[in-house]
Amino acid sequence: MRWLKKENHKIKNQLPVHIGIIMDGNGRWAKKRGLPRSAGHKSGANNFRKITRYCSGIGIKYLTIYAFSTENWKRPEEEVKFLMNLFEQYIKEALSDFQKENIRIIFLGDKSKFSTNLKNLIDEVEKASKTKTGMTLNIAMNYGGRDEIVKAVKSLGEEVKKGKISPEEIDEESIAGKLYTCGQPDPDLIIRPSGEYRLSNFLLWQSAYSELIFMDILWPDFSTKDLDKALNEYSSRNRRFGGI
């Protein structure tokens with residue numbers, strides 16, 4: 001448990017086990033400063049490392065970061081190329097930086113569209129952190145919630161076709177077992193900075209009962225104090241999961 005101040009008095013903060021964060025607003029952050037969008041993405045990547053370490057330090061067990069969606073390929077080619085290079089750079093750094101941290105790194109999404117070099121780096125960092133026992137960091141890259149569900153259904157369909165299971169055996173648990181997050185708890189809290197009020201295809205199945213917090217602040221400016229505010233808000237909510 002942690003104690004956080006709110007309005008000059010303390011409240012007991014029940015930490016969520018799993019937090020999802022939609023990193024958004026890098027481009028607008030750069031535009032406000034007269035900088036290229038690439039500068040916003042670089043600043044956002046730096047903030048990602050800071051927030052990740054903070055979450056690990058306060059005892060969050062699972063953190064899922066939305067880094068690149070299946071729809072982001074529609075962006076200008078130059079911007080996509082910069083982002084892919086940035087991912088390669090930060091994954092290389094993660095191999096050394098996060099090696100000192102007790103953080104396991106898992107990549108969620110369809111890796112088939114990435115370059116061979118990027119795919120090899122992803123495999124390397126996942127293998128290198130596999131034995132870590134601290135926080136699990138999920139990085140969603142070329143990820144889409146609908147695409148994830150479609151892949152899960154297709155996989156189950158193949159099992160039905162091969163006679164391994166019957167259609168009647170398909171339930172919520174079997175679908176969840178085919179998702180990228182198989183074996184992990186659903187997110188308790190999803191935070192979206194940037195002033196947008198939507199999930200944008202992020203963890204659609206897993207977020208059925210997640211608490212949602214939208215904040216009017218661009219991702220590069222999102223601080224540990226902003227995260228604490230979200231945690232205070234989360235702790236004040238009554239989660240009933242459809243009950244009374």
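This report describes a strand, a nonpolar core and one buried glutamine in a predicted model.

## Basis of the description

The model is predicted: local features need pLDDT of at least 70, side-chain atom pairs count only at pLDDT 80 or more, and totals for chains, interfaces and linings use all residues. Residues are numbered from 1 along each chain as its sequence is written, and side-chain values use heavy atoms, with hydrogens and water left out.

## Strand β4 and its partners

Strands (DSSP runs of E, at least two residues) and helices (H or I, at least four) are numbered from the N terminus. Strand β4 (residues 62–69) has six of its eight residues buried, so the rest of the structure largely encloses it. Buried means under 20% relative accessible area, with a 1.4 Å probe and protein chains only.

Two strands pair if DSSP finds at least two bridges between them. β4 pairs in the parallel sense with strand β3 (residues 18–22) over five bridges, and with strand β6 (residues 135–143) over seven bridges. Tyr62 has Thr136 in β6 as its bridge partner.

## The nonpolar core

A nonpolar core is a set of buried Ala, Val, Leu, Ile, Met, Phe, Trp, Tyr and Cys residues joined through side-chain atoms within 4.5 Å. The largest has 39 residues, and Leu137 and Ile191 have the most contacts inside it. Helix α3 (residues 77–97) gives the most to this core, with seven residues.

## Gln184

Gln184 is found in the loop between α6 (172–176) and β7 (189–192). Gln184 counts as buried because its relative accessibility is 15%. Leaving aside neighbours within four places in sequence, Gln184 is in contact (heavy atoms within 4.5 Å) with His18, Tyr62, Ile106, Thr136 and Asn138.

Definitions and conventions:
Buried means under 20% relative accessible area, exposed over 50%, partly exposed in between (1.4 Å probe, protein chains only).
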